[in-house]
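Please open the structure in a viewer and keep the sequence panel visible beside it. The tour below proceeds from one selection to the next.

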Amino acid sequence: MRAAVVRSFTEPLVVDEVDVPSPGPYEALVQVDYTGVCHTDLHAARGDWPVKPAPPFVPGHEGVGTVVAVGDRVTRVRVGDTVGNAWLWSACGECEYCETGWETLCPDQKNGGYSVDGSFGQYMLVDSRYCPVIPDGVDLSAVGPILCAGVTVYKGLKVTDTKPGEWVLVSGIGGLGHVAVQYAVAMGRRVAAVDVDEEKLALARKHGAEVTVNAATSPDPAAEIQGQTGGGVHGALVTAVNAHAFPQAVGALRRGGTVSLVGLPPERFPLDIFTTVLFGLTVRGSIVGTRKDMAEALDFFARGKVCPTYTVRPLDDVNAIFSEMEEGRIDGRVVMDMRS
Ligand SMILES: NC(=O)c1ccc[n+]([C@@H]2O[C@H](COP(=O)([O-])OP(=O)(O)OC[C@H]3O[C@@H](n4cnc5c(N)ncnc54)[C@H](O)[C@@H]3O)[C@@H](O)[C@H]2O)c1
Ligand SMILES: CCCCCCO
Ligand SMILES: [Zn+2]
Ligand SMILES: [Zn+2]
């Protein structure tokens, strides 16, 4: 099968012929139709996080396709079903986190396109007990971005502990952020959006953001958001790939507000102790979503409440797509057509 392989963190990906994998007892072999390209795939290919993948590997965790073979212990899916892969490729199912609804924190989890091969290939393996099951009748070219961008921002919004009618800031209106605006609107939140690119802010307005601030031109984005939201946002979701966005989001919070950190620039940011304590602020990390979160995020998509903005491109464009992503030149999501 053809697949895009990371052979080195300093070389372009190689689109090569590789062996079709065989499913283990609980695994399913999936013929991939489409796969979204997440900025995490770029972090993986560049090896720029503290915990690095081990080349050679196939990135991708927003893949969707048809089950063509199953292992002998598989019961949850059948040949012919439409499934996806995900960052949460599998977990142990037995630790304190798996037992309490936090499988995303399982220390023994496997990660699609990072610690196990992912969806940038014509076939992929999934763990039948964890793979997202795609709702019938949905557009398979559009659903891929829900499998990571969608579930991640849906969960990140949930853990801001905001209520309908309250203000939520979405910082970074890229692949994650542009669907975050849609989930927030569908969840009844009022949305303020920040990015450094006017086209991205226009996309945020198109999807329902009432307030938009350009952090590249505003002298004080946090103050601007405080002013335009009558005292600050009740919650914030940071998906930006630049560390400057993080203290700005904290500064945009209303007293008692919560910020969910989702974006992963490999950096640190300063947190002012006094104002965090005085204003009773909550700063929390949020990583993807559980299988239950995934089913809920897919349901919003299947009911037409969220629809990714995306362009479809061939697998051979993968290195160009990464370069455009690095330069912030991708509006919405790129989805690669794996059928050719
Ligand atoms: N926590 C998780 O579970 C999780 C899941 C998926 C992705 N991620 C991470 O989220 C990040 C975003 O992923 P993506 O696929 O949306 O990336 P993307 O490249 O599509 O979008 C990034 C956005 O950040 C914007 N941006 C850059 N600098 C900014 C600034 N100073 N202020 C505001 N916005 C700024 C860019 O203009 C762009 O719109 C990546 O680091 C990725 O690894 C985390
Ligand atoms: C810590 C890495 C989280 C990446 C989630 C999938 O994009
Ligand atoms: Zn991702
Ligand atoms: Zn576990």
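How many nonpolar, polar and charged residues does the shell around ligand 1 have? The model shown here is predicted, and the first stop in it concerns this shell.

**Stop 1: ligand 1**

Select ligand 1 and display its surroundings. The shell holds 14 nonpolar, twelve polar and three charged residues. In total, 29 residues surround ligand 1, and the closest are H39, T40, D195, V288 and R333. Next, colour helices α1 (39–46) and α5 (175–186), each of which supplies at least two residues of this shell. The largest share, three residues, is that of α1.

Now display the polar contacts of ligand 1. In the side chain of T40, an N or O atom is 2.7 Å from an oxygen atom of the ligand. The backbone takes part as well: a polar backbone atom of L264 is 3.0 Å from an oxygen atom of ligand 1, and for V288 a backbone N or O atom lies 2.6 Å from an oxygen atom of ligand 1. On its own, ligand 1 has 870 Å² of accessible area, of which the protein covers 93%.

**Stop 2: ligand 2**

Keep T40, L264 and V288 displayed and select ligand 2. These residues are among those around ligand 2, together with C38, W49, H61, W87, C148 and I287. Which side chains place a polar atom at 2.6 Å and at 3.2 Å from an oxygen atom of ligand 2? The shorter value belongs to T40, with a polar side-chain atom 2.6 Å from a ligand oxygen; for H61 the corresponding value is 3.2 Å. The protein covers 81% of the 270 Å² of accessible area that ligand 2 has on its own. By class, this shell comprises seven nonpolar residues, two polar residues and no charged residues.

**Stop 3: the zinc ion, ligand 3**

Retain C38, H61 and C148, which belong to the surroundings of ligand 2, and add ligand 3. This zinc ion is coordinated by C38 through SG, H61 through NE2 and C148 through SG, at 2.0 to 2.3 Å. The arrangement is tetrahedral because the four donor atoms around the zinc ion (ligand 3) subtend angles of 99 to 127 degrees. Along the sequence, its donor residues have the spacing C-x22-H-x86-C. Two of them link distant parts of the chain: H61 lies in the loop between α1 and β4, whereas C148 lies in the loop between α3 (140–143) and α4 (149–158), 87 residues apart.

**Stop 4: the zinc ion, ligand 4**

Move to ligand 4 and display its donors. Which protein atoms serve as donors of this zinc ion? They are the SG atoms of C92, C95, C98 and C106, lying 2.3 Å from the ion. The angles between the four donor atoms here are 105 to 118 degrees, which makes the arrangement tetrahedral. For comparison, the ideal angle for four tetrahedral donors is 109.5 degrees. The spacing along the chain is C-x2-C-x2-C-x7-C.

**Stop 5: strands β3, β4 and β5**

Switch to a cartoon view and select β3 (residues 27–37) and β4 (residues 63–70). These strands run antiparallel and are joined by seven bridges. To locate one of the pairs, pick T35, whose bridge partner in β4 is G63. Then add β5 (residues 82–84), which runs antiparallel to β4 and is joined to it by three bridges. Here T66 has T82 in β5 as its bridge partner.

**Stop 6: two backbone details**

Finally, inspect two places along the backbone. Most residues other than glycine have a negative phi, and most peptide bonds are trans. The bond from P55 to P56, however, is cis, with omega near 0 degrees; P56 is placed in the loop between α1 and β4. The other selection is D161, which has a positive phi of about 55 degrees although it is not a glycine. D161 is found in the loop between α4 and β9 (167–171).

Methods. Residues numbered from 1 in each chain as written. Chains lettered and ligands numbered in written order. Predicted model: local features only at pLDDT ≥ 70, side-chain atom pairs only at ≥ 80, totals over all residues. Heavy atoms only, no water. Pairing = 2+ DSSP bridges. Helix = DSSP H or I, 4+ residues; strand = E, 2+ residues; numbered from the N terminus. Near = heavy atom within 4 Å. Polar contact = N/O pair within 3.5 Å; in protein donor to acceptor, adjacent residues only side chain to side chain. Areas by Shrake-Rupley, 256 points an atom, 1.4 Å probe, with all protein chains shown as cover. Nonpolar A, V, L, I, M, F, W, Y, C, P; charged D, E, K, R; others polar. Donors = N, O, S within 2.8 Å, 3.2 Å for Na, K, Ca; no water. Tetrahedral: all angles 85-135°; square planar, octahedral: opposite > 155°, others 65-115°.
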